[in-house]
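Trainee: I'd like to go through this model one question at a time. Let's look at it first.

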Amino acid sequence: MRGRSLLALAIDQIDTPIGRVLIVVEGRALIALDFADCTERMHRLLEQRVGQVATEPTRDPAGLSSAVRRYFLGQTDALQQVPLAMHGTEFQQKAWQALRTVPPGATSTYMDQAKRLGAPHAARAVGRANALNPIAIAVPCHRLIGSDGSLTGYAGGLERKRWLLRHEGLDRVDHASG
């Protein structure tokens with residue numbers, strides 16, 4: 001993917017109850033969504049996938065900032081159908097698409113996701129794909145938990161993962177440190 005010309009992306013940021021969120025848009029599709037304190041990680045993931053990028057501050061690009069706001073205001077399905085630009089390996093893209101089948105208010109395990117992908121022994125590979133997910137919340141890696149029901153790693157931090165799950169209607173969220 002390297003060697004491409006500079007890719008121009010629109011970027012917006014909004015404040016949420018769990019911190020400032022960055023919304024990055026390629027054309028009319030969400031290419032990255034991350035927390036402002038994860039900016040370096042977000043840029044690194046973008047550059048690994050599409051090469052060098054330049055971001056242009058844009059108010060509500062393609063209406064996607066509005067969709068993110070609706071999610072945080074309680075319309076937890078607001079990001080279910082937003083268009084995505086998911087650049088990654090074939091396996092990563094399949095893993096990320098599978099994540100989108102886990103509805104708000106539900107969880108799945110890494111093992112269940114691996115089985116859903118037809119690779120029942122690939123739970124670790126699913127975990128790795130999740131760790132490289134560039135589109136937090138809209139590609140809901142926060143909905144994956146350990147087979148024992150424990151919360152496991154989340155790039156935005158376990159407190160944010162716990163908040164997101166509660167926001168989506170899960171009454172009981174594991175308190176393990178993961």
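Trainee: Which helix do Lys 94 and Glu 90 both lie in?

Mentor: Ground rules first: this is a predicted model, where local features need pLDDT of at least 70, side-chain atom pairs count only at pLDDT 80 or more, and totals for chains, interfaces and linings use all residues. Residues are numbered from 1 along each chain as its sequence is written, and side-chain values use heavy atoms, with hydrogens and water left out. Helices (DSSP runs of H or I, at least four residues) and strands (runs of E, at least two) are numbered from the N terminus. Lys 94 and Glu 90 are four residues apart, about one turn of the helix, and both sit in helix H3 (residues 90–99).

Trainee: How far apart are the closest N and O atoms in the salt bridge between Lys 94 and Glu 90?

Mentor: A salt bridge here is a side-chain nitrogen of Lys or Arg within 4 Å of a carboxyl oxygen of Asp or Glu. For surroundings, buried means under 20% relative accessible area, exposed over 50%, and partly exposed in between (1.4 Å probe, protein chains only). Lys 94 is partly exposed at 45%, while Glu 90, at 60%, counts as exposed. The closest N and O atoms of this pair are 3.2 Å apart.

Trainee: Which residue does Arg 160 meet in a salt bridge?

Mentor: The partner is Asp 37, with N to O at 3.0 Å. Arg 160 lies in helix H6 (residues 158–167) and its partner in the loop between E3 and helix H1 (39–50), so the pair ties together parts that are 123 residues apart in sequence. Arg 160 is buried, with a relative accessible area of 13%. At 58%, the exposed partner is Asp 37.

Trainee: How many salt bridges does a search of the whole structure find?

Mentor: Another pair is formed by the side chains of Asp 34 and Arg 41, at 2.8 Å, N to O. Both Asp 34 and Arg 41 are buried. In general, side chains of opposite charge can pair when their charged atoms come close. Over the whole structure, the number of salt bridges found is six.

Trainee: What is the volume of the largest pocket?

Mentor: On a 1 Å grid over the protein atoms alone, a pocket is an open set of points with protein on both sides within 12 Å along at least five of seven lines, and a lining residue has an atom within 4 Å of a point; a cavity is a set where a 1.4 Å probe fits but cannot get out. Grid points are joined across faces, edges and corners, and a volume is the space filled by probe spheres set on the points. By that recipe, the largest pocket comes to about 160 Å³.

Trainee: Which element gives the most residues to the lining of the largest pocket?

Mentor: The largest pocket has a volume of about 160 Å³. Of its 14 lining residues, the closest to the centre are Asn 130, Ala 131, Cys 141, Tyr 154 and Ala 155. Strand E3 (29–35) and helix H5 (123–131) are the elements that give two or more residues to the lining. The one that gives the most, with three residues, is H5.

Trainee: Which residues of H5 are exposed on the face turned away from its buried side?

Mentor: Start with the buried ones: Ala 123, Val 126, Ala 129 and Asn 130. Seen down the axis, they fall within an arc of 115° (taken from the directions from the helix axis to the C-beta atoms), so they line one face of the helix. Their cover includes H3, helix H4 (110–116) and strand E6 (144–145), where contact means heavy atoms within 4.5 Å. The face turned away carries the exposed Arg 124 and Arg 128.

Trainee: Is Lys 161 buried or exposed?

Mentor: Lys 161 lies in helix H6. Leaving out residues up to four places away in sequence, Lys 161 touches Tyr 110, Cys 141, His 142, Leu 144, Leu 151, Thr 152, Gly 153 and Tyr 154. With 0% relative accessibility, Lys 161 counts as buried.

Trainee: What is phi of Asp 60 near?

Mentor: Asp 60 lies in the loop between strand E4 (53–57) and helix H2 (64–72), and is partly exposed at 24%. Ala 62 lies in the loop between E4 and H2 too, with a positive phi near 55°. For Asp 60, also a residue other than glycine, phi is positive and near 50°.
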